[in-house]
Amino acid sequence: MEFDWEEIEADFRKQVQDLPGLELDRERIESWTQDIAAGRLSFASNQVRGEMRLADAAAVSPLDAIAPDERSRLTELGSAAISAGKVACAALNGGMATRFGGDVKGIVEALGGRSFLEIKLAQAQARGRVPFLIMNSFATHRRTLEFLEERGLGDDVHPFVQDVALRLTPDGEVFRGDDSHVSLYAPGHGDFPGAMNRSGLLGQLRSRGVELVTLSNIDNLGAELDPLVIGSHLDSGLQLTAEVAPTEPGDVGGAPAYVDGVLQVVEGFRYPDGFDATGQPYLSANTFTIALDLLEANHPLTWFYVEKSVDGRKAVQMERLVNELSAHVETLFLGISRDGAEGRFFPIKSREDLDALRSDPALVARFSSAASRGL
């Protein structure tokens with residue numbers, strides 16, 4: 001198809017206005033349209049190519065199985081790294097702000113008048129002067145900055161913006177909304193390494209002596225900065241730690257699996273046709289500890305074909321995922337609990353999830369206490 005890039009760019013600029021560093025990758029978008037139209041990009045192209053089998057318990061190191069003496073040693077190792085300023089925390093606050101009434105989830109009140117963002121920040125600050133970063137999208141950035149200004153948190157949080165791309169049609173044309181404008185979207189949390197580099201924050205962290213970053217979803221209050229997790233990561237000598245939780249009925253998402261013998265996180269939509277995932281033991285919590293060296297390495301992450309309903313019509317988004325870093329480097333898979341005082345996986349994907357969190361006195365006390373200590 002022919003692209004009127006002058007018109008598209010003018011429309012794009014009106015929508016993103018003055019957000020820093022955002023550009024449309026013309027070559028990549030044109031390549032996508034050609035590959036979608038030719039059928040080279042589709043749900044089928046997402047599927048794993050190669051021999052795949054789910055990981056069993058032997059591939060996972062459960063936190064709750066660590067012996068007391070070893071637990072103390074690893075906790076001391078992690079605490080020393082945090083105290084020495086070697087650790088930063090980051091949260092994913094991007095996406096399109098289409099849930100929770102169209103407001104940015106990170107600034108929605110979670111507990112006790114505090115937003116998810118404020119509680120996550122407080123959890124980090126409870127461990128000392130830990131740099132706290134959030135990756136926004138073009139759809140969440142301005143409102144989040146306003147919120148930080150309103151709450152007086154502008155000096156405590158380091159926001160940066162992920163990439164932006166054009167939605168396409170299943171025929172490989174540029175998708176336009178009912179308002180006739182080109183339809184923009186944030187192309188997944190796989191933007192994290194590149195956006196960190198582009199923003200300059202990666203270099204700033206390096207100059208401050210930071211060596212690793214924890215990364216979690218803004219809505220997962222269980223993914224606190226934990227010296228035991230940091231110590232376990234450091235003790236492994238690896239560049240990446242991925243947290244995995246026991247599966248429960250109804251779970252969807254990624255899981256640790258071997259692909260041609262390489263242990264990595266594989267998303268469920270990538271499972272080959274006919275693959276038997278019955279009894280899948282673990283689910284990826286999308287919580288990671290990542291060495292700055294790995295973020296700087298700029299490993300290429302695969303673009304996956306995703307369909308969304310936009311204005312009642314089918315739109316195609318090409319997205320990439322940060323968990324695919326595990327396909328490039330040996331990874332420590334850390335088994336975590338998803339309940340109780342040490343649970344680290346409490347995803348809030350709906351108002352019902354939030355209501356359930358608020359109705360659990362133990363979790364309310366835990367997360368409210370963390371917030372009051374940090375801020």
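Strand β13 (residues 262-267) contributes three residues to the lining of the second largest cavity, the most of any element. The model under discussion is predicted, and this report treats its enclosed spaces, its overall form and a few individual residues in turn.

## Enclosed and open spaces

Rolling a probe the size of a water molecule over the atoms shows where empty space is left. The structure holds two cavities of 30 Å³ or more. The second largest cavity is lined by V265, V266, E267, R270, F304, L321, N323 and E324. By class, that lining comprises four nonpolar residues, one polar residue and three charged residues.

The largest cavity encloses about 150 Å³ of space. Its lining consists of 21 residues, and those closest to the centre are C89, T214, A223, E224 and L225. Several elements of secondary structure supply at least two lining residues each: strands β3 (87-93), β10 (212-217) and β14 (282-291), together with helices α5 (116-125) and α9 (227-236).

An open space is also described, namely the second largest pocket, with a volume of about 510 Å³. Of the 29 residues lining this pocket, L63, D226, E342, G343 and R344 are the closest to its centre. Helices α4 (68-83), α9 and α12 (361-374) and strand β11 (240-246) each provide at least two residues of the pocket lining. Helix α9 therefore appears in both lists, since it supplies at least two residues to the lining of the largest cavity and at least two to that of the second largest pocket, and seven of its ten residues are buried.

The three spaces are set out below by volume and lining composition.

| Space | Volume | Nonpolar lining residues | Polar lining residues | Charged lining residues |
|---|---|---|---|---|
| Largest cavity | about 150 Å³ | eleven | five | five |
| Second largest cavity | about 40 Å³ | four | one | three |
| Second largest pocket | about 510 Å³ | 15 | five | nine |

## Overall form

The protein chain contains twelve helices and 17 strands. Its radius of gyration is 21 Å, which agrees with the value near 21 Å that a compact globule of 375 residues would have. Along the principal axes, the C-alpha atoms fill a box of roughly 65 × 50 × 45 Å.

Buried residues make up 53% of the 375 residues. Among contacts in the protein chain with a separation of 6 or more, 77% are between residues 24 or more positions apart. The accessible surface comes to about 16,500 Å², and carbon and sulfur atoms account for 47% of that area.

## Helices α9 and α7

Helix α9 is largely enclosed by the rest of the structure, because seven of its ten residues are buried. The buried residues of α9 are P227, L228, V229, I230, G231, S232 and H233. Their packing partners are helix α4 and strands β3, β10, β11, β14 and β17 (331-335).

In helix α7 (residues 192-199), the buried residues are F192, P193, A195 and M196. An α-helix has 3.6 residues a turn, so residues three or four places apart point the same way. Just after α7, G200 adopts a positive phi of about 90°.

## Strand β14 and the loop before β13

T287 is located in strand β14. With a relative accessible area of 3%, T287 falls under the 20% limit and is therefore buried. Beyond its neighbours within four places in sequence, T287 is in contact with L215, S216, N220, A223, T241, A242, E243 and R344. One of these, E243, is 44 residues away along the chain, yet the C-alpha atoms of T287 and E243 are separated by 5.6 Å.

N286 also lies in strand β14. Phi of N286 is near 55°, a positive value in a residue other than glycine. N286 is buried as well, its relative accessible area being 10%.

A positive phi is also found at D260, where the angle is near 50° and the residue is again not glycine. D260 sits in the loop between β12 (254-259) and β13. In contrast to the buried N286, D260 counts as exposed because its relative accessibility is 53%, over the 50% limit.

Terms used:
Residues are numbered from 1 along each chain as its sequence is written. This is a predicted model: local features need pLDDT of at least 70, side-chain atom pairs count only at pLDDT 80 or more; totals for chains, interfaces and linings use all residues. Side-chain values use heavy atoms; hydrogens and water are left out. On a 1 Å grid over the protein atoms alone, a cavity is a set of points where a 1.4 Å probe fits but cannot get out, and a pocket is an open set with protein on both sides within 12 Å along at least five of seven lines; lining residues have an atom within 4 Å of a point. Grid points are joined across faces, edges and corners, and a volume is the space filled by probe spheres set on the points. Helices (H or I, at least four residues) and strands (E, at least two) are DSSP runs, numbered from the N terminus. Ala, Val, Leu, Ile, Met, Phe, Trp, Tyr, Cys and Pro count as nonpolar, Asp, Glu, Lys and Arg as charged, and the others, Gly among them, as polar. The radius of gyration is taken over C-alpha atoms; the globule rule is 2.2 Å times the number of residues to the power 0.38. Buried means under 20% relative accessible area, exposed over 50%, partly exposed in between (1.4 Å probe, protein chains only). Contact means heavy atoms within 4.5 Å. Accessible areas come from the Shrake-Rupley method with a 1.4 Å probe; for residues, only the protein chains shown count as cover.
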